[in-house]
Amino acid sequence: MFCAIKISKSDPTPLYIQLADELTRLIDNGTLPSKTKLPTIRALASKLKINRDTVVNAYKLLESKNYVIAHIGSGTYVAPRSDVHMDFKKELVPASKTYFRRELFKIDICKELITNILDNDGWESFYDPLNREKQLIRSTISDFFKTVGVHSSNTSTRLIKDTQNFILDLIKLSPKSAICVENFRDIGYTSTLSYLGFKVLEVPLEIYGINLEILENYLKNQTTVFIFISPYNQNPTGISYTRENKLALIALCEKYDAYIIEDGTFSDFLYKGAVESCYDLCKSDRVIYLFNFCKLYLPHLDYSFVALPLNLQKRLTDTMQITITERMIKYYVESNQFAILRRKLITECNLKFNNLYNLFYFSSNLKTTSTSGLFLWFHITNGKAEDIIQALLEKNIVVSPGSLFSTTPNNNLRLSVAPLFNSDIDIIIKALRQL
C-alpha cells in the first residue's frame, strides 16, 4: 500500500509535507486503519528514496495532529479515529511554502485576458505561422527584464516551459559533464541532473556570496562548464551576493571558459539597495539569466523567462509554438492587473518580512543570514532544528528543515513569509519569542 504514495521533488511543497499529506489520505480513506503500524523511518525512506529526516518530520507532523501515535521502542501506529482532527490542514500556518497562495490568482484573470485576445486576434489567436507573435512576446519579456535590472535584446530573450529541461539542454551543449551549485539550494533543480549522470559539485555559500576559492579549484580540476547561482535573496539562505563577488565570479568564468546560470527570480523582493545583475555586469557573454515568472506571479502555469548570451542564441533553437496560452502570458505581463498585483505583493511581503526580521535583529538567540526577501534562514543558538520544528508544530506552524536544501546535515530552518497572512506573522512572532 505504501507504493501508492506519490511525492515529487519538483513540487515546491516540502517533501515531508507531501509525505504527511499522502499518509493522511491513506488514513482518511481507510487504507490505513486504526492501530496499523507504519513502516520504520529507515524502511520508508529506503522505499521512497528520500532522506530519513523527511520521514521523521512527516511522522512528527502527523503525531502533532493526532493522526498517529509513537511508542518508544515499538514504533509508530495509526491513532484511533476518534482522536483524529479531520480539518487539521486548515489550522496550519504554512510558513514552509516558498511561493504565494494560489487563491490570489483567480481564474477570472485568465478569462478576461483570453476574451481580449479572441476579440483582438480572432482565429489567429491559436497559431503563429510567421512567428510575429513570438517576436512580440520576446519584446514584452525584454521590457519586463528591464524592471529587474536586466537589459537584454529581443533576440536574446526566450519564453520557456519546464526550467529543469532547459537547464538540461544547456548542459548537453558541452562535452563537460559537471555543474557547480550553491551548497544550500532548491535541490529540485539538480536532482534530475544527478539522476541522469551529470556531476553536481557543491560550492559553499558565504555571507557575501559563493566561495570563489573552492569554485576555482573545481573549475581547474573538473570538467565544469556551468555555475548555477541565485545572487538575490538566495533560496533558502536569503543571501544576496556583493558586487565584488559577482565581478570576481565573472572573471573566473572568463578565465576558465565557463558560464553562469543566474536565477534572478526573487530580485523583486530585494528591499534594500539596487539590483545589479550578473547579466548586465558581464561584458563577455558569460551569463544566462533565468526568471521563473509563473512560479512567482502565475503559479497555475509553468513558464519562465530567459535571456541568453549572444554565442548561445543560435545553439539553443527556440522551438516554442505560440498558441493562445503563450499569448495570454504576454497580455498578462502587459496588463494593469499584473502591475497592481506585483506592487501589492512586494509591499505586503516587505512589511511581513520586516516585522519578523526585527525580532531576529534584536534577539540574542535567533540568528539569520537573510536581510530581505520572501524567507528567513535561521537557527536558534541553544536549540536543535528537530526540537524547534516540533515546538513550532505544536503551535500549528510549519517551517522547512535545512535538510531539504542540502546533502549535508545542518541545524537551519527556512521560514517563508510569501503565503502568510498578517495574523500568521503575529502567531509566529509569539511562538518564536517563547522559544
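This passage describes a mixed sheet and two helices that lie across its strands in a predicted model. Local features were considered at pLDDT of at least 70 and side-chain atom pairs at pLDDT 80 or more, whereas totals for chains, interfaces and linings use all residues. Residues are numbered from 1 along each chain as its sequence is written, and side-chain values use heavy atoms, without hydrogens and water.

Helices (H or I, at least four residues) and strands (E, at least two) are DSSP runs, numbered from the N terminus. Seven strands form an open sheet with mixed pairing, in the order β3-β11-β10-β9-β8-β4-β5; pairing requires at least two DSSP bridges between two strands. At the edges are β3 (157-161) and β5, each of which pairs on one side only. Neighbouring strands are turned against each other by 25° on average, direction ignored. Within the sheet, β9 pairs with β10 (residues 287-291) in the parallel sense over 4 bridges, and V287 in β10 is the bridge partner of I260.

Helix α8 (residues 188-195) lies across β4, β5, β8 and β9 and runs at about 140° to β5 (axes are lines fitted to C-alpha atoms, for helices over the stretch in contact, with angles from 0 to 180 degrees between N-to-C directions). In α8, G188, Y189, T190 and L193 are buried, that is, under 20% relative accessible area with a 1.4 Å probe and protein chains only. The buried residues of α8 pack against α7 (163-172), β4 (178-182), β5 (199-203), β8 (224-229) and β9 (259-263), contact being heavy atoms within 4.5 Å. Just after α8, G197 adopts a positive phi of about 100°.

Helix α14 (residues 324-334) lies across β3 and β11 (303-307), at about 70° to β11.

Key: Buried < 20%, exposed > 50% of the residue type's maximum accessible area, 1.4 Å probe, protein only.
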